[in-house]
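Reader: I am in my first year of study and should like to examine one part of this model closely. Would you please describe the surroundings of the bound ligand and then those of the metal ion?

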Amino acid sequence: MICLGIEGTAHTIAASVVDSKNQILSDIRAMYTTEKTGIIPKDAAKFMEEKKNLIIENSLEEANLTFDDVDVIAFSQGPGLAPSLLVTLNLAKSLALKYKKPLVGINHIAAHLNSGFLFCNIKDPVYVFVSGANTQIIVLESKKYRILGETLSIGLGNALDKFGRIASLGFPAGSKIEELAKKGSYIKLPYSVKGMDVDFSGIVTEAIRKLNQGERLENLCFSLQETCFSMLTEVTERALAHTEKKEIIVIGGVAANKRFSEMLSTMCKERSAKFYICPIKYAGDQATMIAYLGLKIFKTKKLTPLEKIDILPRWRADEIDVNWKN
Ligand code: AMP
Ligand code: MG
């Protein structure tokens with residue numbers, strides 16, 4: 001069985017072909033970036049609109065297949081930015097209608113979490129999901145994702161990007177902040193853990209205030225990382241203790257950060273828990289995860305009729321029934 005997956009929830013438009021032996025037959029992506037500003041939703045959608053046809057074409061070409069070989073199309077239905085989601089929905093629906101293929105709408109977060117089974121040897125982890133827009137500590141219990149802790153304001157990636165925008169680092173800023181942090185030292189920023197939840201917005205505001213007062217950018221990058229990453233490490237450790245799970249996996253674009261994985265892996269070592277990190281190439285947005293989960297959901301035979309499929313910009317992971325087999 002062959003699935004064509006299409007991703008497009010925010011900044012990346014991507015297409016990937018995966019077969020039921022979990023072979024990745026193609027993986028094509030294009031990511032919207034900017035030099036100085038943050039992400040502009042309207043521009044990201046325009047970028048995706050311009051690239052979408054070529055992305056689909058290239059992904060079939062790389063897989064050496066045509067639409068005749070495709071059994072099912074899966075696409076990212078939400079959560080995400082509405083303008084981007086609309087481009088993806090229209091693309092996926094038009095392909096499904098034109099080539100008479102079943103269509104599966106995928107929750108983007110579930111796809112990220114599930115990709116852990118494709119790339120790492122996980123069994124039943126605490127998921128540390130740290131992307132641009134989302135920051136959540138999640139476990140799977142009784143066929144539901146339970147969000148044990150999450151950000152009360154913006155996601156960790158967006159927090160770094162917001163600071164980066166003010167500091168003229170462009171979008172995305174995470175990796176630039178990581179580089180600058182290597183030459184910085186610690187200055188105090190507010191540490192904001194509330195129960196199992198975290199809050200990054202006040203920290204970013206304070207970092208921006210200090211930047212405007214002339215504090216060294218390198219010091220702010222270092223301190224921003226140390227503060228935000230420590231907060232999440234604290235909450236993840238508590239999630240491990242409460243659930244008695246024995247492994248964690250870090251997923252999402254911020255998983256690329258070496259300092260963050262260092263902190264988490266040290267904590268795991270101290271608790272004799274296994275530490276997994278989604279391979280950097282697949283930690284952020286891509287369509288392989290959409291195709292992979294698309295196949296699993298297709299096999300459940302519980303599909304929504306095409307005319308009822310719409311974008312779901314605020315679709316939370318805890319609203320999903322996990323009735324597919326891992
Ligand atoms: P995603 O939304 O999962 O595609 O992840 C994108 C986010 O990951 C953006 O906010 C980036 O700034 C962030 N990111 C990417 N690389 C790094 C890094 N090395 N350190 C911190 N954040 C990063
Ligand atoms: Mg994502």
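Author: A polar backbone atom of Gly174 is 3.0 Å from an oxygen atom of ligand 1. This distance, like every other value here, comes from a predicted model. Side chains take part in polar contacts with the ligand as well. Asp161 places a polar side-chain atom 2.6 Å from an oxygen atom of ligand 1, while a polar side-chain atom of Asn257 is found 3.0 Å from a nitrogen atom of the ligand. On its own, ligand 1 has 510 Å² of accessible area, and the protein covers 90% of it.

Which elements give two or more residues to the shell around ligand 1? They are helix 4, residues 156-166, and helix 5, residues 174-181. The shell consists of 18 residues, and those that come nearest to ligand 1 are Gly132, Asp161, Glu178, Gly253 and Asn257. By residue class, the shell comprises 10 polar, five nonpolar and three charged residues. Two domains contribute to this shell: at least three of its residues come from domain 1 (2-112 + 283-319), and at least three from domain 2 (122-277).

Let us now turn to the metal ion. The magnesium ion, which is ligand 2, has three protein donors named as His108 (NE2), His112 (NE2) and Asp285 (OD), at 2.0 to 2.4 Å from the ion. Along the chain, these donors follow the spacing H-x3-H-x172-D. Why are His108 and His112 separated by about one helical turn? The reason is that they stand four residues apart in helix 3, which spans residues 108-119. Are these two histidines buried or exposed? His108 has a relative accessibility of 5% and therefore counts as buried, since the limit for that term is under 20%. His112 is likewise buried, because its relative accessible area is 0%.

One further residue may be considered separately. Phe200 is situated in the loop that runs between strand 10 (197-198) and helix 6 (201-212). Phe200 counts as buried because its relative accessibility is 0%. Along the chain, Phe200 and Ile154 are 46 residues apart, yet 6.5 Å separates their C-alpha atoms.

To review the two sites: the polar contacts of ligand 1 include those with Asp161, Gly174 and Asn257, whereas the protein donors of the magnesium ion are His108, His112 and Asp285.

Key:
Residues numbered from 1 in each chain as written. Chains lettered and ligands numbered in written order. Predicted model: local features only at pLDDT ≥ 70, side-chain atom pairs only at ≥ 80, totals over all residues. Heavy atoms only, no water. Near = heavy atom within 4 Å. Polar contact = N/O pair within 3.5 Å; in protein donor to acceptor, adjacent residues only side chain to side chain. Areas by Shrake-Rupley, 256 points an atom, 1.4 Å probe, with all protein chains shown as cover. Nonpolar A, V, L, I, M, F, W, Y, C, P; charged D, E, K, R; others polar. Domains from an automatic or database assignment. Donors = N, O, S within 2.8 Å, 3.2 Å for Na, K, Ca; no water. Buried < 20%, exposed > 50% of the residue type's maximum accessible area, 1.4 Å probe, protein only.
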